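Biologist: Hi! I'd like a close look at one small part of this model, the cysteines and the strands around them.

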Amino acid sequence: MAYWLFKSEPSVWSWDDQVAKGAQGEEWDGVRNYQARNFMREMKLGDQGFFYHSQKDKEIVGIVEVCALAHPDSTTDDERWECVDIKAVEPLARAITLDEIKQDEALAEMVLVKNSRLSVQPVRDAEWSRIVSLSKS
């Protein structure tokens, strides 16, 4: 299984919106960055990701799962753009802020720290474990 991070402005699509979609999940549409699109093309069913509120809060709030492989993005007729569907799995026990991530040496190389603008990004196994552990402390 691979791990990922999905960023969304909560005023556009929030964790609560994601949870409300239930087991059917929702397209992670509207991504218009080739690198982020390519990451979605790599995803497999069952891969998990962090749900990150960007802009104001800047925090990881939950865990999602890929429930549909990359397919054409329904928000455009441009065939270059694809997306996956994700469903909410569970909220983190405690939200983990970007500031907290930046202060943790174990997370210094995380893509979120190095390229905070990328809306879909990989998360290394050790980073995943560390953030899940932090959320329980």
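What is the relative accessibility of C67, and how does C67 count on that basis?

Modeller: Happy to help! This is a predicted model, in which local features need pLDDT of at least 70 and side-chain atom pairs count only at pLDDT 80 or more, while totals for chains, interfaces and linings use all residues. Residues are numbered from 1 along each chain as its sequence is written, and side-chain values use heavy atoms, with hydrogens and water left out.

C67 counts as partly exposed because its relative accessibility is 26%; buried means under 20% relative accessible area, exposed over 50%, and partly exposed in between (1.4 Å probe, protein chains only). C83, in contrast, is buried at 0%.

The structure holds zero disulfides (a disulfide being a pair of cysteine sulfur atoms within 2.5 Å). C67 is in none, and its nearest cysteine sulfur, that of C83, lies 11 Å away. Seen from C83, the closest cysteine sulfur is that of C67, and 11 Å is too far for a bond.

Now the strands, which are DSSP runs of E with at least two residues, numbered from the N terminus. Strand β4 (residues 59-72) pairs with β5 in the antiparallel sense over 10 bridges, where pairing asks that DSSP finds at least two bridges between two strands. Here C83 in β5 has H71 opposite. Strand β5 (residues 82-97) also pairs with β2 (residues 26-27), antiparallel over two bridges, and E26 has I86 in β5 as its bridge partner.

Finally, the loop between β3 and β4 holds K58, a residue other than glycine with a positive phi near 50°. K58 is partly exposed, at 40% relative accessibility.

Key:
Helix = DSSP H or I, 4+ residues; strand = E, 2+ residues; numbered from the N terminus.
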